[in-house]
4 protein chains.
Amino acid sequence: ILRPKYPVQKLYAFSTIQEVEINLTVIGQYVDYLVKEQGVKNVFVNGTTGEGLALSTQERKQLAEEWAKHAAAIGASGIAGIAPFFFKPTNKDTLVAFLREVASEAPGIPFYYYHIPPLTGVKIRVEELLDGIKEQIPTFQGVKFSDTDLLDFAQCVKNHKEQFVLLYGVDEHLLSALAVGATGAVGSTYNYLGKKNNLMLEAFAKQDLALAQRYQFCTGEFLSFVFKLGFGVAQTKAVMTFTSGIPMGPPRLPLLSASVDFIEKAKAKMTSLILGFLSGMDLLACVLLAFLEHYPKVEPL
Amino acid sequence: ILRPKYPVQKLYAFSTIQEVEINLTVIGQYVDYLVKEQGVKNVFVNGTTGEGLALSTQERKQLAEEWAKHAAAIGASGIAGIAPFFFKPTNKDTLVAFLREVASEAPGIPFYYYHIPPLTGVKIRVEELLDGIKEQIPTFQGVKFSDTDLLDFAQCVKNHKEQFVLLYGVDEHLLSALAVGATGAVGSTYNYLGKKNNLMLEAFAKQDLALAQRYQFCTGEFLSFVFKLGFGVAQTKAVMTFTSGIPMGPPRLPLLSASVDFIEKAKAKMTSLILGFLSGMDLLACVLLAFLEHYPKVEPL
Amino acid sequence: ILRPKYPVQKLYAFSTIQEVEINLTVIGQYVDYLVKEQGVKNVFVNGTTGEGLALSTQERKQLAEEWAKHAAAIGASGIAGIAPFFFKPTNKDTLVAFLREVASEAPGIPFYYYHIPPLTGVKIRVEELLDGIKEQIPTFQGVKFSDTDLLDFAQCVKNHKEQFVLLYGVDEHLLSALAVGATGAVGSTYNYLGKKNNLMLEAFAKQDLALAQRYQFCTGEFLSFVFKLGFGVAQTKAVMTFTSGIPMGPPRLPLLSASVDFIEKAKAKMTSLILGFLSGMDLLACVLLAFLEHYPKVEPL
Amino acid sequence: ILRPKYPVQKLYAFSTIQEVEINLTVIGQYVDYLVKEQGVKNVFVNGTTGEGLALSTQERKQLAEEWAKHAAAIGASGIAGIAPFFFKPTNKDTLVAFLREVASEAPGIPFYYYHIPPLTGVKIRVEELLDGIKEQIPTFQGVKFSDTDLLDFAQCVKNHKEQFVLLYGVDEHLLSALAVGATGAVGSTYNYLGKKNNLMLEAFAKQDLALAQRYQFCTGEFLSFVFKLGFGVAQTKAVMTFTSGIPMGPPRLPLLSASVDFIEKAKAKMTSLILGFLSGMDLLACVLLAFLEHYPKVEPL
């Protein structure tokens, strides 16, 4: 009988620190924020959101070391490989041969395949890829699955959930992926909505689907809103900066910094969503606090 | 508080009867099968699976009348409109104007929008479409949502579930759609896997997710298998024919009948899946029955 | 030896007359305009630009008859079939079987295949389709090729130009198609830029490539400009109306009439392009005429 | 008046030498072959066909130096930049900002933009990109245009042919691009069909279009044939190896070496195409030679 283990979900977050020069000094603060404020359990360094592909090898090493220093307690470990996306592999065998080469460079370290067809254009089904992969890549450990093909994902769960870690990477579809057996998630919104998503995981584990939906709809409402404004890695940095107070710095080319207009609208939306989760009394307190913040010199009668 | 109503899900099935001449005589038998064997609650006549677009207006009328005669007890009612797909509407206003024209031809009858971007190429978000549609189309009642964009679907649930019926149409993702609030489903696999899906709905309503997954994985395994062989409306007819015993007839051009090779492989897969759901004793009984069917003259000792 | 016959190019134009009710009364005037002002040799009735797919069968018949009455001198003859585009044929055999059915309804009339993948989504290579088609469809006569795959088109010319008529349908690429052997063209811009295109054909036939390019760049410049504004069948009607002075009427849903802003900008662009073809003296005369038109009461000294 | 300068077309060829270790020793021989046998005037080093993106920076430098040493007489000079294709620029300004960064690293060297949307997914129109680019990138010199959008290419010719070099990069469409004003070509087939293409350029310059078509159809027929078998950079290497006799070595991952079956079929096709260009007497001589090669011991009577 299939029995998914809901209590052990984990949340991962991308590193997003970067300036004209990468800024290593804020990483400690960033780690603290992710762990304490967002409940993040692991970090995914030098990924898409961390603009890994815009960094030099030297910079990627520096970042990985700095994160490792601060994040020992979090327990990050393992490396992930993406499909090549200029010359694109067109069948399973070619992709496996490529990933084997990459994994063999670090023979003692767990290896993950990072499946992200919307950016790579490589659509080889993961169900098919996983079939027999352990014989080809002994360090193979799991998949970060960043695609909306939940049939493929469900087949991975059905056939491989005992053997591999199956992390889901489309944040706005996480609840749907949990329904078919996802046991962990990696995504950029967990930088600033990690806490809400942890609450969703808890609600789901307790079979309180109505509450879980409420949290999923919160992420969905935010993303639906910002997608219409244009939303990518640059905008994610801006949202993380205003949410955490930690300066995430500008993106590198070809990305351009988020506009002031975007930041204002995204901030207002985020505030209204957070307020929506408060009870009547909490809400009253919030409004009073905001009022006092703006009119600090109001004298009591 | 959001509170989805799981107990009231409905299953709908497409009509797939058609031969060189449409064959009205088997519809009674077909209705009986859907209701008794598959637990289908409503039928969607002249849709994609029923090859509505390959029929003349006259034929569609005959079919609709014949179904209505037999299916009074099922309670089918309402019409559905698809987006035009040669000249494609490029924004909400144009699509609403078009649907309004269609709906106004039947002013007393509930109207549904049938959203199927993979076939129409029209990707206007339904969340946006529904916003204010009741003022434009007074008979508007709901959506058949045949797409994998579960963010869009979840936003429809979040904003419109009190007002509209939101039916989900990607059968292999149904459990994922239930997780974000779907309350009904329309799809071609319910012709032959309707019972399994009704059991999934029941398990989901009772919060037995492990069991619900088992049923979803059954549909997923079957579809993953036949997708690799090439699977469309013609193959659906063949599967329904060997499952129900009712002759569904060949498809019309540009569809060609399923090959004998397809039918054999699909049949073997379906059998192994059905057997997979049986307990040890049931399985033994099954094998004995199959044995007796092949060797009917075996004498008891 | 390959020897394309350049002197015999033909130009075809789509019919674009249509109002809330189709307006048959202007067709005579439309025919006169196409023949006399634009040098069009054949017409393609009820095609894409003529919104054939938005008309009833009855309306299509009325239009075809009215055009035939006026266009006897032009010599229109033959019917064209498009690939089905809801259920899409996925291989040559299915498409041929479908076209054979259509062609067999009019056994004495030359049949053309209208290849337009950007609208139908059917990308079966025409080179492959033509191979052996005459045995399957005895009335097969040629292709209207509305795609930018000039390798496929060139292969059709290379292998089939003696047997079939190969008309090219991407107006902005016509000179490029002539270079690989097109001997005729069908397209919507020939309604209002037919004369310029006939001059291009003449220049090409006389091997004056520099002059031919000048005419091609004129069409290209106009289309590049209007594509940025949003350009489709509705906008084509508007351009034809202001160019010919014949009221083309509004499009049917899902198309909406061109905006006033579009019409003004397109008109200004067209005027500046036409002026660009005039010599210095002609230009002076034009400016004087325009001046007099605006200030008709200026008295000579 | 527009007056394209046909006599000065140039042909460029990609470098395709590479083995498990890059093999610098055959480059001298390769240069000789390209110049003497194929009439190539310039080389494009470390491009798509040369698998530049599969090489380390160190390897790319070594290759560029080795080519420069041997190719001084050819006069290669200039660097080319491609659009970033993981994070994709979505508008002109971002792409220009990115290219400016790249070009500024080599301030004295002419800079070219390598436009190849089928591989990068970046579809920003080149016409728009070129508008004002010289003010942003002072070393900007031209474009390698590897796309089938000949309207965009023609607009570049119309507006910028005095200022920039416009090289066309879709080999099977070259004659169509010449018709709208291309004055040079860069492509992988010029490695082995360079001579035929130079003859096409000559025929085109002399306005012998029938002959030019014959050469274009030769390239087209070869590519149509190998596309059906699956054709990419790995297969190009194989074709170049059997045509030139110079060992091009295997490709790097994710590309896999061409199959023996592919090589045999491609070789047979190439041979039959080359034979097709011979006169009757030449052909007879050829057949005799081939006969003698197979039956060397046949004694004269």
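What turn and what shift along the axis lay chain C on chain D? In this predicted model, a turn of 180° and a shift of 0.0 Å along the axis do the job, with an RMSD of 0.0 Å.

**Figure 1. Chains C and D around their axis.** With that 180° turn and 0.0 Å shift, the two copies are related as by a two-fold rotation axis. Look for Ser176(C) here: in chain C, its C-alpha is the one nearest the axis, 2.0 Å away. As for the contact between these two, 100% of the interface residues of chain C are also interface residues in chain D, so the copies meet through the same surface.

**Figure 2. Chains B and C around theirs.** Chain B goes onto chain C with a rotation of 180° and 0.0 Å of shift along the axis, at an RMSD of 0.0 Å. On the chain B side, the C-alpha nearest this axis belongs to Phe85(B), at 4.1 Å. Once again the same surface serves both copies, as 100% of the contact residues of chain B recur in chain C.

**Figure 3. Chain A on its own.** This view steps back to take in one chain, built with 13 helices and 7 strands. Chain A has 301 residues, and 53% of them count as buried. Take the contacts in chain A with a separation of 6 or more: 72% of them come from residues 24 or more positions apart.

**Figure 4. Strands 3 and 4 of chain C, with the helix that links them.** Strand 3 (residues 79-82) and strand 4 (residues 111-115) of chain C run parallel and are joined by 4 bridges. Gly81(C) is the residue to find, standing opposite Tyr113(C) in strand 4 of chain C. Between these strands the chain passes through helix 3 (residues 92-104) of chain C, making a right-handed β-α-β crossover.

**Figure 5. Strands 5, 6 and 7 of chain C, where Tyr168(C) turns up twice.** Strand 5 (residues 140-145) of chain C runs parallel to strand 6 (residues 165-168) of chain C, with 4 bridges between them. Phe145(C) has Tyr168(C) as its bridge partner in strand 6 of chain C. Tyr168(C) also pairs with Ala185(C), its bridge partner in strand 7 of chain C. Strand 6 and strand 7 (residues 184-186) of chain C are parallel too, joined by 2 bridges. Now for the helices: helix 7 (residues 150-160) of chain C makes a right-handed β-α-β unit with strands 5 and 6 of chain C, and helix 8 (residues 174-179) of chain C makes a right-handed one with strands 6 and 7 of chain C.

**Figure 6. An aromatic pair in chain B, and a cluster from chains A and D.** Searching the whole structure turns up 54 aromatic pairs over all chains. One of them is Phe222(B) with Phe231(B), an edge-to-face pair at 6.5 Å centre to centre and 85° between the planes. Both Phe222(B) and Phe231(B) are buried. Elsewhere, Phe85(A), Phe86(A) and Phe87(A) join Phe85(D), Phe86(D) and Phe87(D) in one aromatic cluster.

**Figure 7. Lysines over rings in chains A and C.** In chain A, the charged end of Lys144(A) sits over the ring of Phe44(A), 6.0 Å from the ring centre. For chain C, zoom in on Lys144(C), which lies over the face of Phe44(C) at 6.0 Å from the ring centre.

Definitions and conventions:
Residues numbered from 1 in each chain as written. Chains lettered and ligands numbered in written order. Predicted model: local features only at pLDDT ≥ 70, side-chain atom pairs only at ≥ 80, totals over all residues. Heavy atoms only, no water. Phe/Tyr/Trp six-rings, centres within 6.5 Å; stacked < 30°, edge-to-face > 60°. Buried < 20%, exposed > 50% of the residue type's maximum accessible area, 1.4 Å probe, protein only. Lys NZ or Arg CZ within 6 Å of the ring centre and 35° of its normal. Pairing = 2+ DSSP bridges. Right-handed = clockwise from strand over helix to strand, strands pointing away. Least-squares fit on C-alpha atoms with pLDDT ≥ 70 in both. Contact = heavy atoms within 4.5 Å.
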